[in-house]
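Trainee: Got a minute to walk me through this one?
Mentor: Sure, let's put it up on the screen.

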Amino acid sequence: MNDFPFLSILTLLPLVGAVVVACIPRARADLAKMVALAWSLVVLVLSVVMWIAFQTGGDRFQFRESYAWIPSWDARFTFAADGIALVMLMLIAVLFPIVILASWRDVDQSKRSVPTYFALLLAFEFTMIGVFAAADIFLFYVFFEIMLIPMYFIIGSFGGPRRQYAAVKFFLYSLVGGLFMLAAVIGLWVVGGHTFDFNNLAAAAGSIDQDTARWLFLGFFVAFAIKAPFFPFHTWLPDAGGAAPAGAAALLVGVMDKVGTFGILRYCLPLFPEASRWFAPAALVLAVIGIIYAALLAVGQNDLKRLVSYTSIAHFGFIGIGIFAFTTQGGTGSVLYMVNHGLATGLLFIVVGMFVARRGSNLVSDFGGAGKMVPVLAGVLFFAGLASLALPGTAPFISEFLVLIGTFTVHKTYAVIATAGIILAAAYVLWMIQRTTQGTLNPTLPTVPAMRRDITLREKVVVAPLILLIILLGFYPKPLTDVINPAVQATMQDVGVQDPTPVVANERVAR
Amino acid sequence: MEDLKLPEIDYGALLPMLILFGVACVGIIVEVTTPRRLRNTVQLSLAALGVIAAFVAVIAQHSTRTITIGGAVAVDGPTLFLQGALLVLGLVSLMLIGDRSLERGGPFVSQAAITVGSQKDVKQAGDQPGLTEVYPLTVFALGGMLLFVAANDLLTMFVALEVFSLPLYLLCALARRRRLLSQEAALKYFLLGSYASAFFLFGVALIYGFAGGISLGQVHEAVSNPQQSQILLYGGLALLAIGLLFKAALAPFHVWTPDVYQGAPTPITALMAACTKVAAFGALLRILYVAFDGVRWDFQPVLGTVAVLTMLVGAVLAVTQTDMKRLLAYSSIANAGYLLVGVLALNEEGLSSTMFYLVAYGFTVLAAFGIVTLVRDADGEATHLSRWAGLGRKSPLFAAVFTFILLAFAGIPLTSGFTSKFAVFGAAVEGGQTWLVIVGVLTSMLLAFPYLRVVVLLWLSEPGESTPTVSIPGFLTSAALAIGVIATFALGVVPAPLIDLTRDASQFVR
């Protein structure tokens, strides 16, 4: 079963789907939606099969495929997945059908072609799967750059009022990061022995001159820090997240930003172990600043989508400290955080999108007491908010807890400061919910006819799987941790750090 | 008195050039013997057939490595590769030049000497058929370029420089619309070009004084074992370089580029952007790699500074442009900077990656200017950027193609722009020129902005009142566009065959 070329088929499938959907004429919008949904479900099924075929105790990289591409540069179509990539691929496969269903009516009012929107979504899925499945740095870079194009057009063509500005800012920020990375990729290729293969490069990692390695690390890190985004490279995300259609915004923060943290784990750490350790204090400081600063900004937001974007930046701070704590718990917590954040913030964005679609406004001040009109939807928003602030019993709690204990064992100060971020998270989530759904009814709300309709069947189908997964993984994260743990351990081994003796009883994640 | 010994001439190796010069001469005879209504078809077919025949001759010579005709011409890997590239790009340019479907009479004027603005001028802009001398002129220019990249001594190189420059000066002046701009462009190009040629010639004289000979081999000998003052060497090299930097549009010798690119008839701009660049860099490569290899440590920092300056000037000024042709001109200046980064790697990868870049860029820029010819209103091409707003709404296919071209210029993967940048930057890091690569990457970020602005204009802006229409291209322009776009995509996705070809060809004979 392991010989089946899962990853290449998984990558190409959405691309073919995008072409098919793009060919559907404008007038047949419903057909385009159905095809896109069906296509993403096929991808989901294939991903589930791949998940089952993945051997938990097996090799670090599985499903390896390699095809010649540019022999004179030794660039190859190499795909391989470790546990980290596997869970991210699974998250992508789960989120896309949900987002497609959630976006069903989002662009009907648009002057643009509806099939184009869904084709762009599938094209985006293609680039996302490719970037996580690639095990050749050249191939990774290619996906890293071209993922901008579908998202650029999604934001620019189908977004809110400030879409042009947001789309261009998004593109330029990411491109700047990408070009830094290009310089680093070229440098790595030259000093790493003219190969792009991840395994070969990781093997040659020790032989790179110390200063060179630090510069190369920086090139990669800046690209990933912009993508993630970490403070102070984050300013594009609130604009992009605020302007993008809600579904696309869910993908933007739920999946695409994970490329940054994934890239740090997969490329920065194993390829430049010494540099990673050298830069770790700086990265930790940035991450901690990000947690507090973004949370404070989130508290002050009056725009729902921008608010959720800021919460994401804070969450990426947590992922960052988990990674750079260099403990297995912290690392596992971070990867788990990436998945759980995708589910929780994805849900939050989608629900916020449902509110915004009804009210026709992003502003918190345009709501108020909405729970009286749409009680079930308000309940879902409440749940999504609680998941997002990592309430025990929801999946994000596990990951946040792991990150914090993983960090606490080595960097007590950072862990303590980061914990303050949890309190701020409670503040921004609860205050947002209070101002939108609780309290006295905003008198303008009943004048909006759409606000009278509570959650529809389609919307129930959209949120149900996410809610189920968040609760399920909140109580039983083992299927994920079993897959993630060996990969994180291998990564920490690459970095050359040992876990401190466990101080938490019964937490035998380590060896 | 000794008997004069005639040099050996390898006619086979010279065949591509002989074919082109022959065809151009025949073209002049055809011009006076063919009836007017047939002239365009006959001339176009003749020129195209000549170029194709020359290309076949290049292919047939693919394994030739020789210096012939008394050391004047070197036919080696780079020569043959660049000649092949010039011929293919030249053929695509000919398609753009030959298109008569976009405008009555084509993009060229019928009588260049008529006073601008006079009644006769208005009449000829309206319905007179265009000049057909453009075909022999183009073929002459191409022939000169072929010789330019093959020249193995400095005088031959100078002659070739003039042979390909003079027709280009003329061609620049022949735009059907905006006659004044076109004439101004031609005059500027001619005057500045003459200065550059004079510098080049003076450089040849100094180098002759230094080396006691003009063949590149002799210069190489003299450089590695100097008998004369080094001042002659450095002065000569500097003056030679000025001549070549001018043709390649490198800063600070780039100032003619935007004016000439804007004023010249767009198909001629395309020819210059694609083919002149190949020729100029071909000659620069040969001079630096073959003759002056021994003083590489001396010229590398100077030319490195030139490259940095070029990239910065091109990128920064591209941001401020409001005219599509000027924008593309500054973009081509910046690209000349990237090419020079590849050249300065001064290793085999540098040579092969620069050649790869030249071909990749040539196809992309041909397609870009091809598209510029399509966006028209009643007064001809509408090149002001504001006029392009919202064209994506009206003509999605056209806008998609142009977006693709712009992404290629910006160096986004899956286009040849990415692979070629990767190739030259990789070679430069290999050659120890990391600082140039860093500047290259930084300017790429700057350059992305104007390209992106055009994409925004095309797709995200609302169409204005005066948005021009995109003409349905005729067969020739469509074919040229298709070739350019397909090559841009193919070289981005499967660059391996061409990379291998450039690697096999990356050995000069000395």
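Trainee: In chain B, what share of the contacts between residues at least 6 apart in sequence join residues at least 24 apart?
Mentor: That share is 81%. Bear in mind that this is a predicted model.

Trainee: OK. How many helices and strands in chain B?
Mentor: Chain B has 20 helices and five strands.

Trainee: And is chain B as compact as a globular protein of that length, or less so?
Mentor: As compact: its radius of gyration is 22 Å and the globule rule gives 24 Å for 510 residues, which is close, so chain B matches a globular protein of that length. Along the principal axes, the C-alpha atoms of chain B fill a box of roughly 75 × 55 × 40 Å.

Trainee: How much of chain B counts as buried?
Mentor: 60% of its 510 residues.

Trainee: Which residues have the most contacts inside the largest nonpolar core?
Mentor: From chain A they are A:V87, A:L89, A:I155 and A:V351, and from chain B they are B:L86, B:F148 and B:C172. That core has 423 residues.

Trainee: Take B:F148. What does it touch, leaving out residues up to four places away in sequence?
Mentor: B:F148 touches B:M157, B:A160, B:L161 and B:F164, and also B:A279, B:G282 and B:A283.

Trainee: Is there any annotation on chain B? Which residues does UniProt list for a domain?
Mentor: An unreviewed UniProt entry lists residues 151-446 of chain B as "domain: NADH:quinone oxidoreductase/Mrp antiporter transmembrane". In the model that span is 78% helix and 2% strand, and its end C-alpha atoms lie 37 Å apart.

Trainee: Switching to the contact between the chains. How many residues does each chain put in?
Mentor: Chain A puts in 23 residues and chain B 24.

Trainee: Which helix of chain A gives the most to that side?
Mentor: Helix 7 of chain A, with 14 residues. Helix 5 (137-146), helix 6 (148-158) and helix 7 (163-191) of chain A each supply at least two residues there.

Trainee: What sort of residues are on that side of chain A?
Mentor: The side of chain A that touches chain B has 17 nonpolar residues, five polar and one charged.

Trainee: Last thing, strands 1 and 2 of chain A. Parallel or antiparallel?
Mentor: Antiparallel, with six bridges joining strand 1 (residues 62-70) to strand 2 (residues 75-81). A:A68 stands opposite A:R76 in strand 2 of chain A.

Trainee: What's in between those two strands of chain A?
Mentor: Four residues, and the two strands form a hairpin. In the turn, A:D74 has a positive phi of about 60 degrees.

Terms used: Residues numbered from 1 in each chain as written. Chains lettered and ligands numbered in written order. Predicted model: local features only at pLDDT ≥ 70, side-chain atom pairs only at ≥ 80, totals over all residues. UniProt positions renumbered as here; feature names shortened; annotations may be inferred. Contact = placed C-beta atoms within 7 Å. Nonpolar A, V, L, I, M, F, W, Y, C, P; charged D, E, K, R; others polar. Rg over C-alpha atoms; globule rule 2.2 N^0.38 Å. Buried ≥ 20, exposed ≤ 12 C-beta atoms within 10 Å, placed from the backbone. Core = buried A, V, L, I, M, F, W, Y, C linked by C-beta atoms within 7 Å. Pairing = 2+ DSSP bridges.
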